[in-house]
Amino acid sequence: MGVIERYSELLPVTEKTPKLTLGEGSTPLVHLDNISEMLGIELWAKLEGCNPSGSFKDRGMVMAVAKALESGAKALVCASTGNTSASAAAYAAAANVPCFVLLPAGKVALGKLAQALMYGATVIAVNGNFDRALEMAREAAEKEGYAIVNSVNPYRLWGQRSGAWEICEALGKAPDWHAIPVGNAGNISAYWAGYKQYQELGKIDKLPRMMGFQAAGAAPLVTGEPCPNPETVATAIRIGNPVSAHLAKEAVAMSSGEFNSVTDEEILAAQLLLSSKGGIFAEPASCAPLAGLIKFKKEGRLPRGITAVMILTGNGLKDPDTAMSQVGRPLEIGDSLEELLAVMKK
Ligand SMILES: *Cc1c(COP(=O)(O)O)cnc(C)c1O
């Protein structure tokens, strides 16, 4: 059951909303035994890379595209650091509607680019950063009467609330800490809204602390001002001027949470740890929260025994280049058993 059907009573859908789905949502929540022990907490990972296009973007995109179809939109437009375009292109294909995606030229991970092209979107590389591409997408959508499916589209954040609902259902409560990467700041805002909605409905009593993690080279919510030239290996959060900054700040303030930043080195180390000790391959941006928890632990600021959920926003297969730059090559041998046994003994 997809997000619209599973949560139709909680979402702004009507009989006229198409029951669009690619099977998004209902992703696994996995307890990470080894890393929990290292950190002295109960650490759970929400595997958003298991969504149909490989990232959490599908939760909101299914809603945005369904609502665009309901209102008779002729085409979809978005700007993207990669995953939004992959998701928009996938749902556009399923819904049989044209899709234009604007990407910052040369700054999109290979897997995401391959997806957008394979799903048949018109892919346009903009020689400018993401923030500029988004401005252009918004203006073009308005001029042409197309539906913009970036997170400025309110239905995106509605659909993304479903992640919080699933976590509460799986744990029987909200976690103590909700750790999440922050780029355009829509997802942290959506999770907060989702938890609050569940509290209002009496399904949970306590709300989590919202802990948002940015890359040090793209950390406007940590420094308090827009970052004109964002740079980070975590391309999905390479954003200098988050559209939902106001909502994210409110979520962090109201939940006694915090924004923090982690360096690219810390992100890559966390990615390798998650793979090699957790068995989960997530893309670099998704590993900012784990890098952050490790940093808190080092600083003596990670309370023992808390339940923390981290949102692994995207699949590691999206960005094979960054992964390969972290690890060695395979061992290579001839076709003799002796050689095989020799390398196995090393
Ligand atoms: C989009 C994205 C983010 C950032 O989410 P925001 O809602 O923009 O803060 C983080 N990780 C991945 C993998 C993403 O695709």
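1. An oxygen atom of the ligand lies 2.6 Å from an N or O atom in the side chain of Lys-57. The structure discussed in this note is a predicted model, and the distances below should be read with that in mind.

2. Two further polar contacts of the ligand may be noted. An oxygen atom of the ligand is 2.7 Å from an N or O atom in the side chain of Asn-83. In the case of Ala-185, the partner is a polar backbone atom, at 2.8 Å from an oxygen atom of the ligand. The protein buries 96% of the 390 Å² that the ligand exposes when taken alone.

3. The surroundings of the ligand comprise 17 residues, of which Lys-57, Asn-83, Asn-184, Asn-187 and Thr-313 come nearest. By character, this shell consists of eight polar, seven nonpolar and two charged residues. The ligand takes up the space of the largest cavity.

4. A separate matter is the aromatic residues. Six aromatic pairs are found when the whole structure is searched. One of the pairs is formed by Phe-100 and Tyr-146, with 5.8 Å from centre to centre and 15° between the planes. This pair counts as stacked, because the angle between its planes is under 30 degrees.

5. Where in the chain do Phe-100 and Tyr-146 lie? Phe-100 belongs to strand β4, residues 99-104, whereas Tyr-146 is in the loop between α6 (130-144) and β6 (147-148). The pair therefore ties together parts that are 46 residues apart in sequence.

Definitions and conventions. Residues numbered from 1 in each chain as written. Predicted model: local features only at pLDDT ≥ 70, side-chain atom pairs only at ≥ 80, totals over all residues. Heavy atoms only, no water. Near = heavy atom within 4 Å. Polar contact = N/O pair within 3.5 Å; in protein donor to acceptor, adjacent residues only side chain to side chain. Areas by Shrake-Rupley, 256 points an atom, 1.4 Å probe, with all protein chains shown as cover. 1 Å grid on protein atoms, 1.4 Å probe; cavity = no way out; pocket = protein on both sides within 12 Å on 5 of 7 lines; lining within 4 Å. Sits in = over half its atoms within 2 Å of the grid points. Nonpolar A, V, L, I, M, F, W, Y, C, P; charged D, E, K, R; others polar. Phe/Tyr/Trp six-rings, centres within 6.5 Å; stacked < 30°, edge-to-face > 60°. Helix = DSSP H or I, 4+ residues; strand = E, 2+ residues; numbered from the N terminus.
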